[in-house]
Amino acid sequence: MAITFSTGDLAQATKTSRQGKEARPTLRSTLTGWAFCGPATLVILGLSVFPAGWAFVLSLQKNDLITPSVNVGFSNYQTLAQDPDMFAAAWHTLFYALMYVPTSVLGGLLLAIALNRPIRFQWFYRTCIFVPFVASAAATGILANFVFDEKFGAANNLLRLLHLPQQGFLTDTHQAMMVIVIISLWGSIGFCVLTYLAALQDISQDIVDAALVDGANKWQVFRHVTLPELGPVTVFTTVWQMIAAIQLFDLVFTTTKGQPLNSTVTLVFYLYRMAFMEFKAGYASAIAYVIFAITMVLTLFMVWYGKKTKVEAF
Amino acid sequence: MTSGRTSRLTRLLATVAGAALALTACGGTTGSTSAPTKVGPLDPKTKVEITWWHGQSAEAAAILAKLAREYEKDHPNVTINDSAGASSTDELLQKMQAGLASNTYPDVSYAFGSWAGKLAQSGRTLDIADLVKKDGSGWTEFPEAARLTAEYKGKVMGFPAVVDNLGLLYNKDLFDKAGVAYPNADWTWDDFRAAAKEINNPAEKISGTAYPVAPDEGATWRLWPQVWQNGGAILDAKGQPAFDQDPGVQALTFWQQMARDDTSVYLDQTGQKFEQMFASGSIGMIMDGPWLLYTVKEAKLNYGTAILPGTNGDHQTISGPDLWVLFDHKDAQRAAAAYDFIHWLTAPEQDVRWNVAYGNLPLRKSAETSPEFATFRTDFPGGDVFFTNLDNAKQARPTVPGYQSLSLNVAKAINEVLVGGADPKTALHDAATASIPDLKDQ
């Protein structure tokens, strides 16, 4: 019923606006509108906006969530600006993002192109790549812990069989983050492959045929037809993977807990440590706001870049 | 950007700012400063409901639930809502933090001893000092370390829940294979080091011993017994860090030499794998507690237990007493029910049916003669060593709010020294300096 009414109102509204007058929504259409978006709005308000507001309040306090809080103004942010551990965590996160984002997007593209061809057992390969993505990061992490164990892991056993030197993996300060990149690629490349596969199958065969008729070779078709068509998906996956990279926590928590020698402490892991191990919820909230700001700036940049290059990703 | 969009954005920002302001108004009121509710006798006529987070899973939870039902049967006016409270005991603290922040905390919760200071500082725990210090309450029969842990500034926040301590668990097969004599009550740390070196066999992936180096209390509390044996202390009489003095440096240097010179120590940066690896037979001996007996027994490991090695005949260890913390809801009847129930639960008759039956040590020495303890002895070989080892737990970790932070700083120092090869003296000194603000902050 409601839908019938609202379409009617919509038609009415369109008609009036076409006549050049500002359409005044009736009470009924307003209520109908709110009835539709009300539940979702409440969920967003309750689960996103409210906690975000509370976190901001917390970030202005010295608060361990147990004893009475003290308002400290912006001093948490000032401390943050001079905290070497925070900069180290930011650097580790940046390193991870630089390794993870391009590899997962490029790797996802290549795998998707490979899997988009009519090959035997295609469904089997697709399943293989997608299954790790469905597994929870916690399970992936625990599994990886055993595979990459310095002494007893399968990875070092394999190296031994190949007569290659043994590695420290998760216990080596220089390798630990790389190993985490590899584990997360294994766990999440399925996502990129899936989005690219969908996009590839969306490309109209007509354009490809037209290009072929015009005498383009396979590479030229790929370069001038396929790639531009994949633009929006690329912007989208890059933003998505970047946000995922900045929020890296679960894998670190289940594999290294920030070790060895804090070389894998990421921003979110540092936040967790501050809030729930050192009882500094106020300081941790300030870190959360810094992470929010970084994510926001990067996302806005990507959206702006997409707009500028006429790639509509969002 | 169109003007319509701008105004929508402005409105959104205004809403967020408004919400933030509303929150500021209520943000400052958390916590209570008034005196705790006086715990009186339980009125058998008034109905009362209490929430109990026991922090246990599976088997242990079933035993405790059964006891709760039994208590309810004897006290028809009391309803106990028992649950684990969190998916693991470690996560209980986060749940309590969230609960205290939102006023939905339980009446009774299990708590690790190292959290006690912080919880007491919340001002929302009951004070049962008057009740337990009365003659005949049985309070003095609890181990001293456990009693001290429940005390904060003359107030008592709850009862001991589980007592344990650190000793040695060793793999008899690996000792035999290396031709090393088993640890005994006269062992020194030099004997320990020599044995670890002898058993260590990288080619066969056998480690002499292990040390958890994850930056948490698991690393820290394993250092304290040696610090005490060397004549040191965690805090001095003024409550300032003392662990960075010579006794502490000696203890950490000992482990540094074992880990980096002998390389006979498996450094477990997850803090969780080494116990399983010991159970699976790839580590010669570990400093651990009675909680592992069940696991090694299930793994059918040919193991033995011993008290910690000593320094000049001093074999003192550390006890990690866990607590039943009682929380104040400004309701005399709830307070009375919570106290009465936990008092009942920790009484000798119930304790043997829960702790001893489950494989924990009994809370009181007097349980030694009970038939349940005789079963414990046969069910968990080596468990009696940990029971007598309770006498070697002569000192307790300080129950101060800053301990949790101190513990993390010390763990970080241990990590830097054992994994990163830092200088023990400098690392401990830095940890002490970093701990001062949080110790002062009370």
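Modeller: A salt bridge is a side-chain nitrogen of Lys or Arg within 4 Å of a carboxyl oxygen of Asp or Glu. By that criterion, a search of the whole structure, which is a predicted model, finds 18 salt bridges over all chains.

Colleague: What makes Asp149(A) and Lys273(B) a salt bridge?

Modeller: The closest N and O atoms of Asp149(A) and Lys273(B) are 2.5 Å apart, and the limit is 4 Å. Asp149(A) lies in the loop between helix 6 and helix 7 of chain A, whereas Lys273(B) belongs to helix 12 (residues 273–279) of chain B, so the pair joins two chains.

Colleague: Are these two partners, Asp149(A) and Lys273(B), buried or exposed?

Modeller: Buried means under 20% relative accessible area. Asp149(A) has 6% and is therefore buried; Lys273(B), with 12%, is buried too.

Colleague: How many salt bridges are counted between chain A and chain B, and how many residue pairs are in polar contact?

Modeller: Three salt bridges are counted between chain A and chain B. One of the salt bridges in the model is that of Lys280(A) with Asp438(B), whose closest N and O atoms are 3.7 Å apart, a value that satisfies the 4 Å limit. Nine residue pairs are in polar contact between chain A and chain B, both residues being at pLDDT 80 or more. On the side of chain A that touches chain B, the elements giving two or more residues are helix 2 (27–59), strand 1 (61–62), helix 6 (137–147), helix 7 (154–161) and helix 13 (267–277) of chain A. Helix 2 of chain A gives the most, with six residues. By type, the residues on this side of chain A are 18 nonpolar, 11 polar and 10 charged.

Colleague: What area is buried between the two chains, and how many residues does each chain contribute to the contact?

Modeller: About 3,500 Å² is buried between chain A and chain B, with carbon and sulfur atoms giving 60% of this area. Chain A contributes 39 residues to the contact and chain B contributes 40.

Colleague: What makes Glu217(B) and Arg397(B) a salt bridge, and which parts of the chain does the pair link?

Modeller: The N to O distance between the side chains of Glu217(B) and Arg397(B) is 2.5 Å, which lies within 4 Å. The pair links distant parts of the chain, 180 residues apart: Glu217(B) is in helix 9 (residues 217–220) of chain B, and Arg397(B) is in the loop between helix 17 (383–389) and helix 18 of chain B. Glu217(B) has a relative accessible area of 14% and is therefore buried; Arg397(B), at 12%, is also buried. Elsewhere, Glu278(A), Lys280(A) and Asp438(B) are joined into one network by salt bridges that share partners.

Colleague: Why are Glu72(B) and Arg69(B) said to be separated by about one helical turn?

Modeller: They are three residues apart in helix 2 (residues 58–74) of chain B, which places about one helical turn between them. An α-helix has 3.6 residues a turn, so residues three or four places apart point the same way. Glu72(B) and Arg69(B) form a salt bridge, their closest N and O atoms being 2.8 Å apart.

Colleague: Why is Arg69(B) called partly exposed?

Modeller: Partly exposed covers the range between under 20% and over 50%. Arg69(B), with 37%, belongs in that class, whereas Glu72(B), at 17%, counts as buried.

Colleague: How do you know that the span of helix 14 of chain B agrees with expectation?

Modeller: At 1.5 Å a residue, the 14 residues of this helix (residues 332–345) should span 20 Å, and the end C-alpha atoms are 20 Å apart, so the two values agree. Of these 14 residues, 10 are buried, among them Trp344(B) and Leu345(B). At its N-terminal end, Asp331(B) acts as a cap, with a side-chain oxygen 3.0 Å from the backbone nitrogen of Gln333(B).

Colleague: What is notable about phi at Phe279(A), and why is Phe279(A) called buried?

Modeller: Phi of Phe279(A) is near 55°, a positive value in a residue other than glycine. Most residues other than glycine have a negative phi. Phe279(A) is found in the loop between helix 13 and helix 14 (281–308) of chain A, and its relative accessible area of 6% is under 20%, so Phe279(A) is buried.

Methods
Residues numbered from 1 in each chain as written. Chains lettered and ligands numbered in written order. Predicted model: local features only at pLDDT ≥ 70, side-chain atom pairs only at ≥ 80, totals over all residues. Heavy atoms only, no water. Contact = heavy atoms within 4.5 Å. Buried area = accessible area lost by both parts, 1.4 Å probe. Polar contact = N/O pair within 3.5 Å; in protein donor to acceptor, adjacent residues only side chain to side chain. Helix = DSSP H or I, 4+ residues; strand = E, 2+ residues; numbered from the N terminus. Nonpolar A, V, L, I, M, F, W, Y, C, P; charged D, E, K, R; others polar. Buried < 20%, exposed > 50% of the residue type's maximum accessible area, 1.4 Å probe, protein only. Expected span 1.5 Å × (residues − 1).
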